[in-house]
Each structure stands twice: as C-alpha cells, then as structure tokens.
Amino acid sequence: MLLKTLSEAFGPTGFEDDVRNVIRGELDGRVDEMNTDVLGNLIAVKGAKKPGPKVMLDAHMDEVGLMIVQICDGGAESGLLKFRALGGIDPRVLVSKPVLIGPDRIPGVIGAKPVHLQAPEERQKPIPMDKLYIDIGAKDAADAKAVVKPGDAAVFATRYAEFGDRAAKGKSFDDRVGCALLVEAMQTEVPYPLYGAFTVQEEIGLRGARAAAYQIQPDIAIALEGTVCFDVVGAPSHGQSTVFGKGPALTVQDAQTIADRRFAEFMWETAKRHGIPVQWRRVKGGSNDFGAIHRVGKGIVGGSISVPVRYIHAPTQVVSLDDVENAGRLLRAVLQEIAEGSFTL
Amino acid sequence: MENHQPLLEQLMTTHAGPGFEGAVRDVIVPHLRSYAQAVQVDVMGNVVAQVAGCGEGRRPRVLLAAHMDEIALVVARIEAGGFLRVVQTGGFDPRTLVGQEVVVHARGGDLLAVVGSKPPHLTAPEERGKAAPLSDLYLDLAMPESAVRERVRIGDRVTLSRDVYLLRNRRLAGKSLDNRASIAILLETLHRLQQLIHQADVYAVATVQEEVGLRGAQTVGFAVQPDVAIAIDVTFGAFPGQAADESFALDAGPAISFGPNLHRKVFQRLVDVAERHRIPYQIELSQTPVGADANAFQVAGPGLAAALVGIPIRYMHTSVETGSYADIEQCARLLAHYIAELDMAQVEDLSCY
Ligand SMILES: [Zn+2]
Ligand SMILES: [Zn+2]
C-alpha cells in the first residue's frame, strides 16, 4: 500500500532521497517525463503540449527529523549521540522513542534518566533536548563512529498500521499523505498540462516549492498537505484547527498565505456539488507550500487541500482514511471542473 | 538451543501488567516445564517450577525469582469524544508517555491507542516549559465516542506497545526488559544447571505484582520457605547525570547487591563464585530495603536469607529499556555456579552470627 510505503520511507528535510525513489518508482512509465532539479525536487509532467491552463500540484517529500551533531567520547556519555531537530519538533515528544539513523538505518533509542533517579522538581519540567541522547548500543565513541557520523539524519522508527475506526497511525503523514494523493492524481487524464511537484525542504521554510513553481510557471497551483488537527478532549474549539473525519480542509488564512478567495470558494463549491465533505481550517498558525508558490514570479492563483493530521510533527501521527479518500475525491473533482472551465483565470 | 534471546524478544512484546500476568505466564510455563519436574501456579498467580537436586537427606533449598509483571495503566474515565484518561499501576514518568503507542486490553480484544500530544504549531512558548501530569494526558483510539463506550470499560488495563530493537553489541531495547530480562536469566540459569551437578533443590519462580509492592514475592516466599531466596531484577545502567553509585555499566556483568536487607554471607558467596569463575560483576550498595522482591523475601515466614542480583538497563520504566544479552548470560553463569556449590554446611552457617 502506497501510503504505508511512503509513511515508512526515510525523508528528513534535506535528505528526501528514499521518498523520491519510492515516488519515481511509482510514476515510472505513467507520466510523460520526470525530472529532478538542483534542489532535489522531483517534477513529473503530463501533457506539456496541451492547451492551458497549466496546473501545478504540489506535495512535500520531507518530514521533520533529527540530525546527529556529536558522538560523545569519555565518561558516562561515551558512545551516546547528541542531536538537534531538523524542522519543528517539540522536545517533549522525543523521550522514549526509537529512531533510525543515516543511510544504513542504524537503530537507536532516545532515552533519559529514569524516573526513580529524578528529583521531584526535575519531574515537573520537560527534559530539554540537550539532556537527551540517542543510544545505538555503542560501547564507546570509536564503536559508534564505525556506523554513524555527525551530519547523519534520523527519523522516528514508527511503523504504519491501521487502527480504530478507519484510521491509520504512522510517521510523517505530514506530508506523505499529500505525496500519495499527488502520485494518484498524476495518473488521471486531464485536457491541460499537469505538473506534479514533489518538493524538498518544506519543513525548514517552504524552500523546494519556491524553486519548483519558478521552473513550472503554472497558471493554477494546488498544494496537497497534512495539516494540524487537534480536536481532542480539553482543546478549545478555536484551537482545534480541523476536525478528524470531517473531510479535507481548505485554508482561509495561515502564517504564509491569505487564501485566494475566489479559488477557495471554487474548491468549496466543487466539494458541495460533488457531495464531498469539506471543512475550513480554523487556525492562523502553520503554513504549507502554497505560501511560497503564490508569491513566485508575477504571482500564482490557487490554494491548498489539506488532510487533518492529529499529532502532526510527533513520532506517531494519526489520519482518518476517510479524510484521505475524500481529499483524493475533492482533488479529482477540482481537476475535472477546471477542465470543464468552472474556474476562470 | 542457542540461547533464550528469541524468547526474551517474544516476552518483551507480550503484555502483562500487575494483576494480569497471564499472557507472560502462558509463554514461560512450557519453557519451565522443559527444565523442571513440577510446575505449579499458586493462588496469586506466581509460577513455581521445581528442579530437584541430587543426594540423600536434607538438601539445600534455593529460590530464584524474577517478576513477570510490567508497569501498566488503567482506564479511569471515558471523556467526551471517546478519549480515555488513565491512572498508574506502577511507576511511569508521565513525560515519557507523551506520543507513545499503547494497547488497551478491552474485553472484545486489544485496541491500539496513541497518547496525545499538542502540535508545536499550536503550542505557546510558555507551555513548552511545562510537563503535563498524567491526569492531563489522554489516549486516542481514533474511534467515535459511541464505539469507545461499547468496547472499553473503566478498569481496562493499558500497556505500552513497542517493537524490540536490536542495537549494537548484543544490546536490545524495548518495553518491559524490566523484568523480562530476568525471566531470561532464570531460564538461562536452569539451562546451565543441566550441565552441572547440584545438591540444592531449586525453586524457579516467576512472581506477580512486583511493580505495585512486591506482593507475589511475599506469598511465594512464605509458601516455599527456602534456605536462600535470590531475587533477579534489573538495576540502573550508567547514564549521564546519574550518581556513580546508582550507575552500572552495561556489558560489565551482573550487579550483586549489598545492604542490611540482604544476607551478607550469600552476598559474599556470590562475589566469591564470580571471582573464581572469572565472571565480571559489579556491586550495588543499598542503604534501605531494596525495591525488589528480595525486600519481601527477607521477612517472609520466619525470615529468609535474601539476595539480589540483576543486570543494568538504561531508561528504566520507559518503552525503550536497553540492556545487554551478554550481561544476561553472565548473570546466569553466576547463579548456576552459586547453586552448584551450595551445600548444607553453608545453609547451617547462615544463622551463625
Ligand atoms: Zn507539511
Ligand atoms: Zn510540517
């Protein structure tokens, strides 16, 4: 199953190779051409010669992860690894999690001093990242250096599984869920040029998407994302952002984008016409690749379709498979209505 | 058979908390049967396997005990939206539960759940300095409230869900290495004893409810009334920020405990055996009664000669407890040789002060 493969693929921001290879394998022979650019974006093209509008779909391949910065030598630290975050990770989710490091996927665990040896006042405070280590079982620094080096990236070692009521858990649904939707969309037939941009480095500032949009120069762009969902017990309704299982979310405003109101309304109405559940994303924070895309060149019309992800940026994220399916349905409906001329530039 | 590591890995992914040790018991009883003449389960759920010594007349009686239970949680409340609140059955640091995957042992079958965490996008800077108490954490079953209420009941038990990770140097990480590592030591010891001649009758015991107060040990110590009662339990692996006397190196052999609660002659004998057989060992000092089954053994029935040995593990009471299989083997060698050398003269000397 593609979402499982993509979720378990190794792609911390700046190290998207494994994800790119999975996608390339999936689309091989199913699109007219595929190119990688100087940043590492993978751009798939279909019907480049067809009449416009030129449509760009975007999903970022990268995930939040960790980077090994030091292999400790001497004392009780000997052989343990110091690390820092690649992208936005709350240090409080790191304790007691397994990780996979570097190209050889060396397993390690993030541990901390046991509760028995913590003073009562220590227990009240989160364990800061500089008190955490990755333990690969090395006897000493030399033993660790045999398999790991500073600069190696790491990801959470979370397995994909379906559970609950039509839900799945796994790592990096932000934004492998978007990648899965985009792979699927690139296999639909449309009467206009369709560009699929699988981008790099979204998590450190929407960097790949900006270059990709410049190269493609689309008339319309749609970012496919996993977005914040915190509709849980005790969360105030204004802080929930999206509701799990209530369909894909459309953006009004986030940290990087004030939605193109006409395009957002077009997507909303399309969803309604096709009987697809849809919701507005209700927080201002966070952003997605469209925030970079719409400012490229003379400006680009479009928006984003997001799948609610509970515990986004945490080791185990949760999505509703209904939301994923409905996001796919909405995307197909939008592409079809663009073909039918329902949205005029 | 090579060793019991595959069994240990199986035990680490088996779920058994205080008072619901059945799943682990079911896995280990057949293995104990392959070594013992008799295997019984008592009213508390402790498993007692007897391996007879050789020789006529009164033989030394030695009890080896490892607890089967792991720390767990219990469902205390079903909240609006179907989210679960839990309380402790054992000592979790709530900070290590954030973002964990857990298993809710419901009547109709096990259910996977995720312990929620707030996304960094919505977290204010001042919140980052705070650690949530257990009462603020919740379990997410990704099911509508009605389905949750149908399947989950107050009182359902919850344990961690974690694969085993094989690290370098025969080290392994996962949940419940405390104290499944010591179950492995128990079986490795019985395996080695088959190659040795021993006078002592051995009672290999897997105890229940250690994590909530050494309760199984209390009754099994009374029931068996051995001459020597040795608890096998994990201790603290060395890690930055810990005191030197609370830090034991991995791959440096078992820790043998010393302190008022433990019989000094049994301790000394264990050290002597380690020296003579060139078994690496470390000494752990306790000023108070130990937090392990040996605490209950000392005062069981008429009073017993108690000892405590075990391997160091890092990250105790988390889902990534990390220890070395080499230490498990060294601890088993120590116990097998100790038992093989135990005789009635030593037993009689235990009461001579
Ligand atoms: Zn994203
Ligand atoms: Zn993100």
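How are the donors of the zinc ion (ligand 1) spaced along the chain? In this predicted model, they follow the pattern H-x113-D-x50-E. The residues behind that pattern are A:His60, which offers its NE2 atom, A:Asp174, which offers an OD atom, and A:Glu225, which appears twice with OE atoms. Their distances to the zinc ion (ligand 1) run from 1.9 to 2.5 Å. A:Asp174 sits in helix α5 (residues 173–185) of chain A, while A:Glu225 belongs to strand β13 (residues 220–229) of chain A, so this pair, 51 residues apart, links distant parts of the chain.

The geometry of this site can be described through its angles. The four donor atoms around the zinc ion (ligand 1) subtend angles of 55 to 146°, and the arrangement is therefore irregular. For a tetrahedral label, all angles would have to lie between 85 and 135 degrees. As a reference, the ideal angle at a metal with four tetrahedral donors is 109.5 degrees.

A second zinc ion has a place in the picture too. The zinc ion (ligand 2) lies 3.4 Å from the zinc ion (ligand 1), and A:Asp174 coordinates both. Around the zinc ion (ligand 2), the donors are A:Asp174 (OD), A:Glu203 (OE), A:Glu203 (OE) and A:His313 (NE2), at 2.0 to 2.5 Å. Along the sequence, these donor residues show the spacing D-x28-E-x109-H. A:His313 is found in the loop between β16 (301–310) and β17 (317–320) of chain A, 139 residues from A:Asp174 in helix α5, and this pair again links distant parts of the chain. Here the four donor atoms subtend angles of 55 to 145°, which makes the arrangement irregular.

Are these zinc-binding residues buried or exposed? Both A:Asp174 and A:Glu225 are buried. A:Asp174 counts as buried because its relative accessibility is 4%, and A:His313 counts as buried because its value is 7%.

Attention now turns to the way the two chains meet. In total, 63 residues of chain A are in contact with 58 residues of chain B. The size of an interface is often given as the accessible area lost when the parts come together. Chain A and chain B bury about 5,200 Å² between them, with 62% of it on carbon and sulfur atoms. Six salt bridges are counted between the chains. One salt bridge joins the side chains of B:Asp163 and A:Arg159, at 2.7 Å from N to O.

A:Pro126 gives a local view of contacts with chain B. This proline is placed in the loop between α3 (120–123) and β8 (133–135) of chain A, and at 16% relative accessibility A:Pro126 counts as buried. Beyond its neighbours within four places in sequence, A:Pro126 is in contact with A:Arg92 and with B:Arg95, B:Arg128, B:Gly129, B:Lys130 and B:Ala131. A:Arg92 is 34 residues away in sequence, yet the C-alpha atoms of A:Pro126 and A:Arg92 are 6.1 Å apart in space.

Chain B can also be examined by its domains. Chain B is divided into domain 1 (5–70 + 175–349) and domain 2 (72–160), and their C-alpha centres lie 33 Å apart. Each of the two domains of chain B gives twelve residues to the contact. The domains bury about 980 Å² between them, 63% of it on carbon and sulfur atoms. On the domain 1 side, B:His15, B:Phe20 and B:His317 lose the most area to domain 2, together 48% of what that side buries. The count of salt bridges between these two domains is zero.

Conventions
Residues numbered from 1 in each chain as written. Chains lettered and ligands numbered in written order. Predicted model: local features only at pLDDT ≥ 70, side-chain atom pairs only at ≥ 80, totals over all residues. Heavy atoms only, no water. Donors = N, O, S within 2.8 Å, 3.2 Å for Na, K, Ca; no water. Tetrahedral: all angles 85-135°; square planar, octahedral: opposite > 155°, others 65-115°. Helix = DSSP H or I, 4+ residues; strand = E, 2+ residues; numbered from the N terminus. Buried < 20%, exposed > 50% of the residue type's maximum accessible area, 1.4 Å probe, protein only. Domains from an automatic or database assignment. Contact = heavy atoms within 4.5 Å. Buried area = accessible area lost by both parts, 1.4 Å probe. Salt bridge = Lys/Arg side-chain N within 4 Å of Asp/Glu carboxyl O.
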